[in-house]
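Thanks, everyone, for making time for this. I would like to walk through one chain, going from the overall picture down to a few individual strands, loops and residues.

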Amino acid sequence: MSPERKEVTLNIDGREVTALEGEMLHDAARKGDVEIPVFCYEPKLGAPVGACRMCLVEIEGIPKLQTSCSTPVRDGMVVHTRTDQVKKAQNAVVEFLLVNHPLDCPVCDKGGECPLQDITQGWGPGKSRVIDEKRHFEKPIELSPLVAIDRERCILCYRCVRFSQEVSEDSQLQLLERGDRTYVGTFDDRPYVSPFHGNITDLCPVGALTNYTYRFRARPWDIEQAGSVCTLCPSQCNVSFTVRDEKAKRVISRENPGVDDGWICDRGRYGFEMFGAEERVTEPRTKGGNKVSYEDAVARAAAGLAARDGKVAAIVGDASNEEGFLLQEIVRGALHSPHLDSRPAAGPKIDTILDLARPERQATVADIDEADVILVLGTDPMQTSPILDLRIRKAIRRGGARLAVATERPTALDGGAEAIARYAPGQAAYFIGELAAAVGGADNVATPLAESLRDAGKVVVVWGERIGAAATSALVTLADALAVDGPKSADIERNSAHQQGVGLLEVPDTTNARGLREAGVLPDAGPGLAALAINGHGTEEIRAALIDGDLDGLILVGVDPLRDFADTSAWEEAINAAGFVVAFSTFDTATAKKADVLFPLETHAEKDGTVTHPDGRLQRVRPAAGRPGDIRPGWQTLSQLSLALGHDTGVTSQPSAFSALTSAVPFYSSITDSDIGGRGIRWQDTESASTLPASAGGTPDSAPGTTPASPDYQREVASAEAGVVPGAGTLALGTYRDLWAGPITELNPPLKFLKPSQRLELSPEDAARLSLATGDKARVTQGDRSVEATVAIKERVPAGVCFLAEGVAAGNANGLLNGHQVRVEIEKLTEVPA
C-alpha cells in the first residue's frame, strides 16, 4: 500500500493551491483551476517523460524553465505559468511542431476535437515563418486492420509507444530511426494486433492514429456523446458512444478509476459494429421466422406458458438487474414454478454464495493496485475480463505486487508470476483444498505457491466462476486460511475490505452474473439472496427435467445453450423436448430459431437499466442509440407478459422497475438513481449493506464430476507426464472461452480477421508421443462425439492434458463436454492428395 502523503501548499499564478506531497505540478495546477498545456503527459501511462516540453513553467528559485508534468510539488513553491519567458518557450514548441505538421484540419478526423488545434490557438504564435516544403510520408498506412497511422501528423509525443510497452506490455510499437526521421512503427512493419490496441487512438493528441471504423463517418459538430456501460464482458467498462442520427458510430473510453482505469478492450471498442448485422432480431417472431406484432407475441407467449403452469423453467444470461427481477416474478409469481437460474452450469448453493458475498470478504477492482500479492485462480483475465489483466499488470509494474497463478491452462499473466501452479481439468476443488491446507501451515504440505501466499499481508484473490460449485465452496476455506476477513464490528465491516485492500474478486462467466443472482435469478434464493420455501432446479437440472418430461416450458433470456453451454447434444434434445419455448435474443441464433415465440433484445447501446459489477458496484446502462425496427425495452416486454399471465408487477417505466428491484433487495434499498450517477456505487459501501442475509451453513457444495478428493485422478495425470497413458491417444480435456469467439467476430465485419478457429493445445511430450506437429489436423473424440482442430504445441501446457476452445463456430468444444471429467482420444488426420 502506498504510504500516506502529507498536504503541501504552493502558489501558482497568485493562487494558493493545496496538493499532496510528491504530486506532479501539472496535476496540482489543475486542482487550482490553472491550465497548463501538455501533449505527452498522461497520468494513466505511468511516470512522466517530459517529451513534448509544452508544459514548461517558471519556478522561483530555479533559473531555468521546468516541465510541470515531471516536477513534484513542494511546500512553499511559487510557480508562474504566464510570464514572457514561458510564453516565448510555448510559442517556440508549437511553432516547431507545426514545421512539418500538415495543415489539413478540414479533412482530418481529429479536427474539432484535437488538442493540437486547441493549444495552437491558445498558446501558439498565431503565424508561421516556415516557407520550406514539409516532410512527407506515405499515408495513411495500415498500422493494423483497425487502426490507420498518418506519420506526417505525428508529433512524437510517445503516448502510443508507452501504452504498448508499459500498459498492455505487448511491446509491439516502438520509435524507429532517429532525429527528424523518427517515426512510430512495428518491427518489420508487422500488423499491430493486440486486444487493447484501440486505446492508442484515444491517447493520440493529433490525427495521426485513427480508427478505420470511424474515418470520415462524422464530424464533431454532427455528433453527440452518450455515456453508458459496456456489457460485452464482466469488466463492465465505462464507455461513451459517439452517436449520429441515432446510430452508434464510435465507442471511446469513459474513465472510471474504480472500474477500468480509463481503458477499454477492442472487444468493447469495436463490438458495436455487430449491432447492425443482418442476423439482428428487430421484431417479435414465431417459429419459422414469421413476424408478428408485439401484442400478438405477448398473447401467444402468455397462452403457451399458462398452459404449462408449474412446469416452466427459465435461464437468464444477458439481462439487466430489472429484467432479471421481472423474470423471476413471472416464473415464481405468475407461473408458480421455482425453476430458474442465471448460470451456464451447476453453481454453488446459496450458503456458499452468501459466505463469499460478505462485505468483509470483498475486494474492489482498485484494491488490486494496493495488494502485496495477487492470486489469479481458475481464470485467465485476458480471455474473460481483459481490463483486469491490465489492472494486474499495473499493480505488478507500479505497485511492486507479487503475482501467483493457479489455473488449468497457461495464462497471459504467467510471464510476470513468481509462482505458478497447474491443476488437472475438473480438479480445482481438490487443488484449492490442498492449497488452503498448505497456506494454513499443514506440516506435510508445502508448495512455492503456498509460500508466496503465506504471511503475504494484503492478498487479493481474482477467481473465476469456472472453477465450479465444489471448488467455490473450497474457496471459503482458502479465504479463511488467507485471513481475508476484516473486522467484524457492524460499524466498520462494510468498508473493511476496501480499507485494507484485501479480499476476493470474482470473474463470472457472464456480464451481469452477480446482479442477476442478487435480483433472485437462482434456484435456491429469491431477490436479495433470501431463502425460499421451495428450491427449484438449476441449469443442468432444468435440462435433465426437460428431457425426462418433468418440465414442459422454457424461457431463455439472452442465452444460447446450443453454443455456449456444455453438452450441446443434450441441450438440443432438451429444447426439442420442451412443449413451448419463449426466447429473448439479440441475434437469430440456432437456439432462437427453435423458439415458439421470439422477442428481440436490446444491446447495451439501447438498453436502460442497471447492472452489478463483480465487486458489487451498481452501474447504470443508459440508452445512447435508437432501437432499430420494432424493438421495445426488455422491462416493458416482461411487464406486459406478466400482466397477460394475470400477475401485475406494477412496473410501468424504467424508474418503477428500478424501484421494484430496490424494494425487493434489502441491501439495494438505500441506493437511488442519483447515487449511481455516472460512476456507480458499491452496495457494500451503503447503509443497507448490513441487511445481507447471513449464511445458514450446511453441507459443502458438490457437483457431478467435481468431487474435491481426487488423488487418483492426480496420479493419473502424473502417470501421463511419465508417458504411461491409458489408450494410445487418451488425454484429459480442458476447455476455455476464447475472447473473440461468437457473434463479436462472426457478425462484425471489422473484427472478422480475429475470428478464432478450433485449436488443439497440447504439450510437446504428448505431441511427440502422438506424432503431431504444430499445424497438423487432428480429430478429438469423446465417445461418439468428435471435433476437428488444428494442432498448437504449447510448452507451458502440462503433459497428459489438452485444451479446446468453447463457442467457436466450427468444432465447438462444448459438444464434447458432459458435465463430468472428460478424457478424449486424439488421432492425426491425414490429408488426402487432390
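Before I come to the hairpins, one term needs to be settled: two strands are said to pair here if DSSP finds at least two bridges between them. Please also keep in mind throughout that this is a predicted model.

With that definition in hand, let me begin with strands β3 and β4. Strand β3, residues 56–59, is joined by 2 bridges to strand β4, residues 66–67, and the two run antiparallel. Within that pair, Leu56 has Thr67 of β4 as its bridge partner. The hairpin they form has 6 residues between the strands, and Gly61 in this hairpin takes a positive phi near 95°. Strand β3 also pairs with β5, residues 78–80, in the antiparallel sense over 2 bridges, and there Ile59 is partnered with Val79.

Now let me step back to the whole chain. It contains 26 helices and 34 strands, and its C-alpha atoms fill a box of roughly 85 × 75 × 65 Å along the principal axes. For 834 residues, a compact globule would have a radius of gyration near 28 Å, and the chain has 28 Å, so the two agree. Buried residues make up 58% of the 834 residues, and of the contacts with a separation of 6 or more, 70% are between residues 24 or more positions apart. As for the surface, the chain exposes about 32600 Å², with carbon and sulfur atoms supplying 49% of it. Those of you who care about electrostatics may want the charge count: there are 87 positive and 117 negative side chains, and the centres of the two sets lie 5 Å apart.

Next, a strand in the interior. How many of the residues of strand β27 are buried? The count is 5 of the 5 in residues 617–621, so β27 is largely enclosed by the rest of the structure. Arg617, Gln619 and Val621 point one way from this strand, while Leu618 and Arg620 point the other way, and all are buried, with two arginines therefore among the residues below the cut-off of 20% relative accessible area that defines buried. On one hand, β27 is joined by 4 bridges to β26, residues 609–612, running antiparallel, and Thr612 has Leu618 as its bridge partner. These two strands form a hairpin with 4 residues between them, where Gly616 in the turn has a positive phi of about 95°. On the other hand, β27 pairs in the antiparallel sense with β28, residues 681–682, over 2 bridges, and Leu618 has Ile681 as its partner there.

Turning to sheets, an open sheet of 7 strands follows the order β15-β14-β25-β24-β23-β16-β17, with mixed pairing. Strands β15 and β17 stand at the edges with a single partner strand each, so one side of each is left without a neighbour in the sheet. At the β15 end, 2 bridges join β14 to β15 in an antiparallel arrangement, with Arg285 bridged to Lys291.

Further along the chain, strand β34, residues 823–828, pairs antiparallel with β29 over 3 bridges and is joined to β31, residues 777–782, by 4 bridges, again antiparallel. Following β29 comes a loop that leads to α25, and Leu739 is found in it. At 4% relative accessibility, Leu739 counts as buried. The C-alpha atoms of Leu739 and Gln383 are separated by 4.6 Å, although the two residues are 356 apart along the chain. Beyond its neighbours up to four places away in sequence, Leu739 touches Pro195, Arg267, Met382, Gln383, Pro386 and Ile744.

Finally, some backbone geometry. Most residues other than glycine have a negative phi, and most peptide bonds are trans. Against that background, Lys139 and Pro140 are joined by a cis peptide bond with omega of about -20°, and Pro140 sits in the loop between α3 and β6. Tyr158, in the loop between β7 and α4, has a positive phi of about 75° and counts as partly exposed at 32% relative accessibility. Asp188, in the loop between β9 and α5, has a phi near 60° and counts as exposed at 59%.

Definitions and conventions: Residues are numbered from 1 along each chain as its sequence is written. This is a predicted model: local features need pLDDT of at least 70, side-chain atom pairs count only at pLDDT 80 or more; totals for chains, interfaces and linings use all residues. Side-chain values use heavy atoms; hydrogens and water are left out. The radius of gyration is taken over C-alpha atoms; the globule rule is 2.2 Å times the number of residues to the power 0.38. Buried means under 20% relative accessible area, exposed over 50%, partly exposed in between (1.4 Å probe, protein chains only). Contact means heavy atoms within 4.5 Å. Accessible areas come from the Shrake-Rupley method with a 1.4 Å probe; for residues, only the protein chains shown count as cover. Lys and Arg count as positive and Asp and Glu as negative; His and the chain ends are not counted. The place of a charge is taken as NZ of Lys, CZ of Arg, CG of Asp or CD of Glu.
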